[in-house]
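User: I have some questions about how the terms are applied here. Please set each value against its cut-off.

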Amino acid sequence: MDKKKAEGLYIKVRPGSRALYHRACQVMAGGISHNLRRVRPFPFYVQRARGPYLYDVDGNKYLDFWMGHYAHILGHAFPPVAQAVSDLVSGRGYHFGLVHREEVELAERVVDLVPCAESVRFCTSGTEAGMYALRLARAYTGRSKVVKVMGGWHGASTDLTFYIYPPFSGADSEGLPVGMEDQVIPAPFNDLEGTIEAMERAGDQLAALIVEPVIGAGGCVPPKEGYLEGVKEELDKRGALLIFDEVITGFRLALGGAQEYFGVTPHLVTLGKILGGGFPLGAVAGPREILSLADATGGTPKVLIGGGTFSCHSVSMVAGLKVLEYLVDNASWLYPLLEERGKRVRSVLEDIFLAHGVRCQVTGVASLFMAHFPMGEVDPQDPAALALVQDKEKEILFQLLLVNRGVFVMHGGGAVSLAHTDEVLDHYFQAVSMAVEEMEP
Ligand SMILES: Cc1ncc(COP(=O)(O)O)c(C=O)c1O
């Protein structure tokens with residue numbers, strides 16, 4: 001089916017979304033406030049969500065694999081979270097602007113579960129957490145340069161809006177301060193030699209290397225054996241810090257995140273998404289010695305971590321605590337189950353594409369998966385190469401054909417949650433088979 005016909009089918013059953021999008025375009029740049037939500041030809045407007053499903057304003061139902069930007073590992077509107085938040089809001093209020101019990105409890109959980117975490121600072125988003133992690137690293141080492149892995153997404157902070165998108169040539173936005181680009185040096189993921197070369201380029205000014213231990217939005221690519229270990233060893237030699245951005249992988253790959261899963265402990269970690277139980281939250285964590293640079297007990301702290309008006313928001317803390325409590329109590333069966341379901345999804349997807357002769361590369365690890373449509377042969381362990389040869393039009397058509405069959409994926413994939421039962425996955429495979437059949441080989 002060609003794109004025009006697929007769009008026609010999409011538009012026909014979404015008059016409510018179409019009207020809302022029209023209004024949105026009058027008052028928001030491009031009609032949206034997060035570029036990934038630019039579903040074509042126009043986004044469907046969500047009315048409600050439950051378990052693995054989304055429902056839009058026109059009454060259409062979708063099996064969702066985007067799961068709130070991967071935030072919902074237990075499904076949408078997980079009942080214990082919904083109940084706890086509702087009790088809090090109606091019984092105690094919701095934004096105190098002062099300290100409260102739950103922030104202590106959540107910090108204790110993080111310290112308990114995440115190997116590198118002795119001390120935590122909360123903020124409101126993963127983006128902020130990345131910004132603060134770099135600030136800590138620069139202050140701790142007294143150096144300024146940062147190596148950033150190409151294709152890594154750490155939010156659109158001024159520090160890290162570089163080398164995110166192909167062709168990975170530098171700044172990904174206008175409006176960044178002059179000279180900022182000199183502070184960020186790109187490195188190729190899964191290429192230890194190339195990464196060491198990037199460190200060399202920073203010379204004695206290398207403060208840190210920041211990496212998603214599994215490249216997330218930039219390709220869903222896990223590390224090659226030895227890569228993270230080699231990077232850490234090299235950084236240690238140079239007196240620089242390893243920062244893992246575990247905003248996606250934290251509490252997802254294992255209770256202790258990717259650092260537990262791959263057995264490599266970074267110096268600092270940034271967290272978000274699952275940590276907030278579906279509400280806005282970010283955190284930077286690491287050794288007391290480094291985090292104490294932000295301690296304001298004695299007056300002015302060395303490192304200013306603002307936190308923000310809504311940091312440690314009671315709703316996010318209560319929701320995060322409920323999710324972590326469930327994950328801890330059920331870890332022995334839950335993580336193996338998610339692992340197995342993720343593996344099944346990747347393997348069945350590969351079979352379907354192969355059977356239909358559509359060139360596709362499926363990547364991922366644990367509960368994460370992504371379907372790429374490369375325009376030629378490519379190394380699936382190299383996210384930058386995958387992105388460079390990606391057939392974007394095919395990816396968009398795949399998303400559209402699936403939406404027309406009641407399935408929502410982002411970047412051709414997403415994250416399996418506890419709510420994605422085997423039956424739900426069977427429905428997904430059927431939809432994929434039909435969608436792939438409609439694609440040109
Ligand atoms: C790996 C990673 N780091 C950082 C961020 C930014 O987090 P937030 O969107 O909470 O600012 C994201 C968001 O998608 C992410 O995937």
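User: Which residues surround the ligand?

Analyst: The ligand is surrounded by S125, G126, T127, W153, H154, G155, E212, D245, V247, I248 and K273. A residue is near a molecule if one of its heavy atoms lies within 4 Å of it. This is a predicted model: local features need pLDDT of at least 70, side-chain atom pairs count only at pLDDT 80 or more, and totals for chains, interfaces and linings use all residues. Residues are numbered from 1 along each chain as its sequence is written, and side-chain values use heavy atoms, without hydrogens and water.

User: What makes the pair between D245 and the ligand a polar contact?

Analyst: A polar contact is a pair of N or O atoms within 3.5 Å. An N or O atom in the D245 side chain is 2.6 Å from a ligand nitrogen, so the pair qualifies. W153 offers a backbone N or O atom at 3.1 Å from a ligand nitrogen. A polar backbone atom of G126 lies 2.9 Å from a ligand oxygen. The protein covers 84% of the 390 Å² of accessible area that the ligand has on its own (Shrake-Rupley method, 1.4 Å probe).

User: Why is R14 said to sit over the ring of Y10?

Analyst: The rule asks for CZ of Arg or NZ of Lys within 6 Å of the ring centre and within 35 degrees of the ring normal. R14 lies over the face of Y10, 4.0 Å from the ring centre, so the distance meets the cut-off. K61 has its charged end over the Y53 ring, at 4.2 Å from the centre.

Conventions
Polar contact = N/O pair within 3.5 Å; in protein donor to acceptor, adjacent residues only side chain to side chain.
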